[in-house]
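Visitor: I have a model open and would like to go through it with you. Could we take it piece by piece?

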Amino acid sequence: MKAVLINGSPRAKGCTFTALTELKNTLEQEGIEAEIVHVGNKDIRGCIACRKCRQTGKCVFDDVVNEIAPKLKECDAFVIGSPVYFASPAGGAISFLDRLFFSTFNVDKSMKVGAAVVTCRRGGNTATFDVLNKYFAMNGMPIATSQYWNMVHGGSAEEVLQDKEGLQTMRTLGRNMAFLVKSIAMGKEKLGLPEKEPLTFTNFYKPGIEA
């Protein structure tokens, strides 16, 4: 069982990395293989709705998005971590998610556990948390929760390490995620996945259809 943790912050070892590391350590203690991948420092342009991915199975821009797509397909849990920029996720994180989830529309994400981790100095965290969770909610991915919203506070990695409640929230999230991943695996084995009806909005994803 594996979890992929995406660091959507431009800073490699900053607040978001510190929070994700606490989560990663807990997941590993619970028997879940975990990997942190830093994408926030990459030059990631936004989705241009060309829909070439419907024909080729990958994004037309061959960058880190296409590198992560196979990891999303194979993992049991997917975490996006982002700092707060003007009460929203960092722009690079949003561009990454838009293109990753759009170009992997053909990948069944049902029952992959999703979680958002947010870091901020002071405010804007709940609005950012809400935006990130929507990617999971519309893809049949159960959203892992904790004892509070999945967030830490601090203007630096050192300050995050002083946020005892925030770090505890990350550890609780890790244990809850591990439980969900293991429980879903048992459910798949005994019950299979829930039945799916054909989607009614598939024309939106066909080449040539205006967004």
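Visitor: Is Thr172 buried or exposed?

Guide: Thr172 counts as buried, because its relative accessibility is 14%, where buried means under 20% relative accessible area, exposed over 50% and partly exposed in between, with a 1.4 Å probe and protein chains only. Before we go on, please note that this is a predicted model, in which local features need pLDDT of at least 70 and side-chain atom pairs count only at pLDDT 80 or more, while totals for chains, interfaces and linings use all residues. Residues are numbered from 1 along each chain as its sequence is written, and side-chain values use heavy atoms, with hydrogens and water left out.

Visitor: Where is Thr172 found, and what does Thr172 touch?

Guide: Thr172 is found in helix α7, residues 164-191; helices (H or I, at least four residues) and strands (E, at least two) are DSSP runs, numbered from the N terminus. Leaving aside residues up to four places away in sequence, Thr172 touches Ser146 and Gln147, a contact being heavy atoms within 4.5 Å.

Visitor: Switching to strands, how many residues of β5 are buried?

Guide: Eight of the eight residues of β5, which runs over 113-120, are buried. Val113, Ala115, Val117 and Thr119 point one way, whereas Gly114, Ala116, Val118 and Cys120 point the other way. In a regular strand the side chains alternate between the two faces of the sheet.

Visitor: Which strands pair with β5?

Guide: Strand β3 (residues 77-85) pairs with β5 in the parallel sense over seven bridges, and Gly81 stands opposite Val117 there. Strand β6 (residues 151-153) also pairs with β5 in the parallel sense, over three bridges, with Thr119 opposite Val152. Two strands pair if DSSP finds at least two bridges between them.

Visitor: Gly81 came up there, so which loop residue touches Gly81?

Guide: Ser9 does, and its contacts also include Thr16, His38, Gly40, Asn41 and Pro83, not counting residues up to four places away in sequence. Ser9 is found in the loop between β1 (2-7) and α1 (15-29), and Ser9 is buried because its relative accessible area is 6%.

Visitor: And the aromatics, how many pairs are there?

Guide: The count comes to five aromatic pairs, where rings of Phe, Tyr and Trp (its six-membered ring) pair if their centres lie within 6.5 Å, and planes under 30 degrees apart count as stacked, over 60 as edge-to-face and the rest as tilted. The rings of Phe78 and Phe136 have their centres 6.5 Å apart and their planes at 70°, so this pair is edge-to-face. Phe78 lies in strand β3 and Phe136 in helix α5 (residues 125-137), so the pair ties together parts that are 58 residues apart in sequence.

Visitor: Which other ring pairs with Phe136 edge-to-face?

Guide: Phe101 forms an edge-to-face pair with Phe136, at 6.3 Å centre to centre and 65° between the planes. Phe101 lies in helix α4 (residues 91-103) and Phe136 in α5, so this pair ties together parts that are 35 residues apart in sequence. Both Phe101 and Phe136 are buried, and Phe78, Phe101, Tyr135 and Phe136 form one aromatic cluster.

Visitor: One last residue: where does Phe61 lie, and what does Phe61 touch?

Guide: Phe61 lies in the loop between α2 (53-56) and α3 (64-74), and counts as partly exposed because its relative accessibility is 24%. Not counting residues up to four places away in sequence, Phe61 touches Arg45, Gly46, Ile48, Asn66 and Arg99. Phe61 and Arg45 are 16 residues apart in sequence and 8.4 Å apart in space, C-alpha to C-alpha.
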